[in-house]
Every structure is written in C-alpha cells, then in structure tokens.
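Got a minute to look at a ligand site together? Here's the sequence with its structure, and then some questions and answers.

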Amino acid sequence: MASDLLRDLPVPAPEQRELWGSDAIAAMLRALDVPYLALNPGASYRGLHDSIVNYLGNERPQMLLCLHEESAVAIAHGYAKASGRMMGVVLHSNVGLMHGSMAIFNAWCDRVPMLILGATGPWDAARRRPWIDWIHTASDQGALVRDYTKWDNQPASVPAAYEALMRAAQMAQTAPRGPTYINLDAALQEAKIGVLPSLPEVSRYKAPPAVLPSQQSVKEAAQLLSTAKNPALLIGRVNRSEEAWKARVALAEKLQAKVFTDIKTPAAFPTDHPLHAAPPATFPDGRILRDCDVIASLDWVDTAGTLKAAWGETPIGAKIIRISADAHLHRGWSSDYQGLPPSDVYLMCEPDVAVPLLLDSVRARPAPVLPKTEPRQEKDEAVTIRALARVFNELTQGMDVCLSKLPLGWNGAYRHFRHPLDYLGADGGGGVGAGPGLTVGAALALKGSGRMVVGIVGDGDFLMGNTALWTATHYRLPCLFLVANNRSFYNDELHQERVAKERGRPVENKWIGQRIDEPDIDIAMMARAQGAIGIGPVKKLDDLRSSIEEAIRQVKAGAVCVVDVRVMPGYDTAAHPTPAAASRR
Ligand SMILES: Cc1ncc(C[n+]2csc(CCOP(=O)(O)OP(=O)(O)O)c2C)c(N)n1
Ligand SMILES: [Mg+2]
C-alpha cells in the first residue's frame, strides 16, 4: 500500500462497548485485507460509512472519495490492473449502482477482481423512513449487475455477512477473476449487536492456487509446437509478473515462434523483440497468421475472430492450441466470450501456469533468418497523435512509464513495451469514460514505485470521466494525462462516413452530432478547477515538446497534470515499422 497517501483523519471515537452490524462488516473487510474503498456516499450505507470512519479510524480499508460512482469503479479497476490486487468499492443503493454499472461491465470484460459493496432498504418496510427509503429499496437489487458479476448476495445477519464477504472475496480472486457484489440491508448495518461475533479465520478461505493442466494435454501441445513449421503465439490476458514475462520470452525463443500481442490487453511480450511479428493491434495482421501452421492462443481475447480475419470463410489451416480458463465465466447475457474457436488441444488453465510447463516440454526449433525492418524517419507536419507519441517517446527515454490508457487513434507501432507495467491495456468493455479512473487507479497502485503513470486519452473519454481527477489531487496521486483532443467523438465520424458512402449520401455531414466545438471545451481549465495543473490547449507543433516536458516535470514533483493537445482528427492505420532506436532504453 502506498505509504504517504493522504488519509482524512477522524478524531478518535471513545471506546465502544455497544457495537453495530456495520462494525462487524467493517472488521471483516479489515480481516480480508481490503486496502481501499472507493466510494461516493449515500444514506443506504450510512451505518457502514460510520463504521469505517469511527470504528476503524478510516484505515485498512481507507476511504477514497470519488465524485461519481463510475470513477469509483474505474479506479478500483485500474488499481487491480496495475497491482494484481483486489480493492473495494461502495455504491449507494440502486442509484449509485446504476451509475457504477457501466464501469462494472468494463471490469467484468477485463477479468479484474473487485469487491463491490452496495446497500438497500431497510428491507423491512415497517422500518423505512417515508419516501427516500422506499425509492432506494429495490427487490433483487443484485439483478442490476448479475449478468456481469461473478456472484452477488444480500446477507440477512452478521454471520451470513461474514460468510458472504469471504465468499465474494474468494470468488473475485479465483481465475477467471471478476467483480462480485454484496448488498447490505440498511437495517442489518444499523442493528445493535452488542459484542463483535468472532471473526472466522479468513486465511482458511483464500482463493485457490492456480489449476495445472493435465500432463497429457501439455505433452500434446508441446508435440504440436515442437514439430510445427511455423508456430505462432497469440498472447492475450496474462499477469504482470516479470518472471512470467521472462518465461514467455524463453518459450517464444525456444520455439522460434512468431508472437502477436493485442492493444486491448496489457503488455505481454517485448514489442521490440525480433519474434514480435507486428505492432500490438486490435486486429492482428491476418496475412502473417495465415502462414502459421500451429497457433497457441494464450487467453487471447478473441481467438475465433482473429482466425476468421486470417482465413475468412476458408477452413482454418492451422492447428489451434487454446490455453485459457475463461470459459468458466461465460454466461448468456453478454457475448464478451466472443466466437467459439476450434481447439485441437485445450488447456483449461491460466496461460502463466502453462508457459513454464510448455517451456520444459517443447523441443528447441532452429532459428529462421528474419527479415530486418529499417525504421523510417517520418516527419511530423502537424499536431497529430503520432507527433504526440514521438515527442513523448523522446522525453521519456530511459524513464519507467506506465501507460494506463491509449486513445482509439493510437497506432501500436508508436511506442515499444518492454516491461509488464509499460502498458495496462484498454477498458475491457469498450465503455468510453473509463480512461481517467483507470489512470487514477493505476496511480494509486504505483505511487512511490518510481514509475510515472500516464493516461493518453481521447477528449471524449476524458470529458466523460474527468472528475476522477479530483480523487487524484485530493489523495496526492501523481499522474499525467495527455488528452489527444480532436474535439470530436471521432470514432463515430468514421462510422457515419462509412454509412454515407454505402448509401451514396454526403460524407461532408459526418461531423454533425459528433464534433465537440463551438465552444471548444477548455480542458486545462477543467483540470485546474480540480486542483490539478492544466496546460494548453497546445495547438502548434513547436509548443508540444515544451508543454509535455513541463508536464513531466510537474508529475515527477508530485502533481496531477493534464495537457490539452489539439490533435488533427484522423486515425493513422498505416503499417509503421516500430520506432526502433528513438525509444530504446
Ligand atoms: C459509454 C459509451 N458511449 C458511447 C460509446 C460509443 N463510442 C465509441 S468510441 C466513441 C468516441 C470516443 O471519443 P474520444 O475518446 O474523443 O476518441 P476519438 O473517437 O475522438 O478518437 C464513442 C462515443 C461507447 N463506446 N461507450
Ligand atoms: Mg475525440
């Protein structure tokens, strides 16, 4: 836990002889080692709120006040991505849960552990205050998020709450990981309970160790890979450990396999390694994959879609090894499970468990002679995302950076990733507005680590979620936002362009209902309004370097800083050679 995080200090409460239901719940959260609770307050959980402040002294867990429930959840999401640890979120009755629901969906799709607490009631109607307790009581409140949480429960007593919290924590942290939701009846929180019912021994209810694949399936996969002419690894959802990273590199090298990584998932393999076949992309280059005869998918987000992109309607001309435990989580409501890929060998386990076993079992393949790509020196003529990337790369050479988010117009060739924390991947569920919260959550996880957290975010993404900034300034979580501000929900301009072309209608109208101008929004002022440093708008190429340089200096000195970079609209989908020497450490 970050040591010098600001904590709002309560005056000490007198010793309590009489305890309340929510005190027991708070004690359980501490026993479960939940480090933080991101929250926006609400009367439905005023009992628990009091217990965190006056019974626990606002530590272990410590509250993190957020201005919107969507950012509370996104902060917990970013924290889990960067630290691998689960934290808590508290959401007010039905309305707070509704506000937080999109971010819960993002966390679900991203397979991130999270303990979400909610509240309702009193369920006993005779005990409700007029009006407000009635509108904030919902039957089966968990149903709001049941389709994208692993488990939910509404315990009716303190012992039941103990068990529910332990189960929720255990399930959230069992692979495939995800959010769980515990709904706490206001009456249970506010009931007098006398002494604290003894807490269970939580160490006996931990998440299980990773499940190993059978020796037989490892043998079959190793046999396929060892005898392949042209094997490939699609590396998707894997963990942040350096050891696992090295094992992946060793496996690829032993097999001389082509490696693909995905811009939707966190850094998984050094992108400047000669075996890394193409810059991380949302859709990998199908042409390269088509030449491969054995493909191992390491919890790749969309194996079936990727194979389809390579082979189209023709039969898939490669043997497929599927390494993923994800199907344990597949449900009917959303289709985040993607298409059903063929699996000639199916290792139903986490990839990081399988890689060392495969490494031991495969035979080394001879190294092919790889073509060399010469980096082109391209000159920037205007402020574009590519220019922003180039300047940022130059200014951060030799620095440890964690990219917590990238804008939609980012081309995976713009920057190399060489460490598991160099990049944390996208938002999981494609819900715009997550970027600021994810960045603040990563800043919480990495505070004091020496690694600078940087969110390069679209203006649409920033504007939807920007009040997460205040949580960063209040708790002193240094981080940098570079807003790639094209003053548009530009992704959708591209869609309108496609539709207009298809229908023979004027493409010139694609901006209507998309552009965020007249007036332009002063993004730097929005940052300053929340106690952050705001720089920009940066409109000239000549000002880009000095602005980003100043921003980095500010963040290194402990500030939250936002640079409004007015980039030209337009996505760069060209195949670039990756920026070799420029960003090499
Ligand atoms: C919550 C939500 N609302 C709307 C969308 C549809 N959508 C996808 S991309 C996008 C534009 C995002 O704008 P910005 O972050 O500025 O990136 P740009 O498209 O300009 O590159 C929108 C509105 C979405 N994915 N999520
Ligand atoms: Mg935009």
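## Around the ligand

Q: How far is a backbone N or O atom of Val432 from a nitrogen atom of ligand 1?
A: Keep in mind that this is a predicted model. The pair joins a nitrogen atom of ligand 1 to a backbone N or O atom of Val432, and the distance is 3.1 Å.

Q: Which residue has a polar backbone atom 2.8 Å from an oxygen atom of ligand 1?
A: Look among the closest residues of the shell, which include Asp459, Gly460 and Ser488. The backbone partner of that ligand oxygen, at 2.8 Å, belongs to Ser488.

Q: How much of the accessible area of ligand 1 does the protein cover?
A: One more contact first: an N or O atom in the Asp492 side chain sits 3.4 Å from a nitrogen atom of ligand 1. On its own, ligand 1 has 580 Å² of accessible area, and the protein's share of cover is 76%.

Q: Which element gives the most to the shell around ligand 1?
A: Two or more residues come from each of α15 (459–465) and α17 (490–503). With four residues, the top contributor is α15.

Q: How many residues of the shell around ligand 1 are charged?
A: The shell holds 17 residues. Seven are nonpolar and seven polar, and the charged ones number three.

Q: Why does Leu144 count as partly exposed?
A: Leu144 sits in the loop between α5 (132–135) and β6 (152–153), and forms a nonpolar surface patch with Val95 and Met98. Partly exposed runs between the 20% and 50% cut-offs. Leu144 gets that label because its relative accessibility is 37%.

Key. Residues are numbered from 1 along each chain as its sequence is written. Chains are lettered from A and ligands numbered from 1 in the order in which they are written. This is a predicted model: local features need pLDDT of at least 70, side-chain atom pairs count only at pLDDT 80 or more; totals for chains, interfaces and linings use all residues. Side-chain values use heavy atoms; hydrogens and water are left out. Patches are made of residues with over 30% relative accessible area and no salt bridge: like charges are joined within 9 Å, nonpolar side chains (Val, Leu, Ile, Met, Phe, Trp, Tyr) within 5 Å. Accessible areas come from the Shrake-Rupley method with a 1.4 Å probe; for residues, only the protein chains shown count as cover. A salt bridge is a side-chain nitrogen of Lys or Arg within 4 Å of a carboxyl oxygen of Asp or Glu. Buried means under 20% relative accessible area, exposed over 50%, partly exposed in between (1.4 Å probe, protein chains only). A residue is near a molecule or strand if one of its heavy atoms lies within 4 Å of it. A polar contact is a pair of N or O atoms within 3.5 Å; within protein, one must be able to donate a hydrogen and the other to accept it, and residues adjacent in sequence count only if both atoms are side-chain atoms. Ala, Val, Leu, Ile, Met, Phe, Trp, Tyr, Cys and Pro count as nonpolar, Asp, Glu, Lys and Arg as charged, and the others, Gly among them, as polar.
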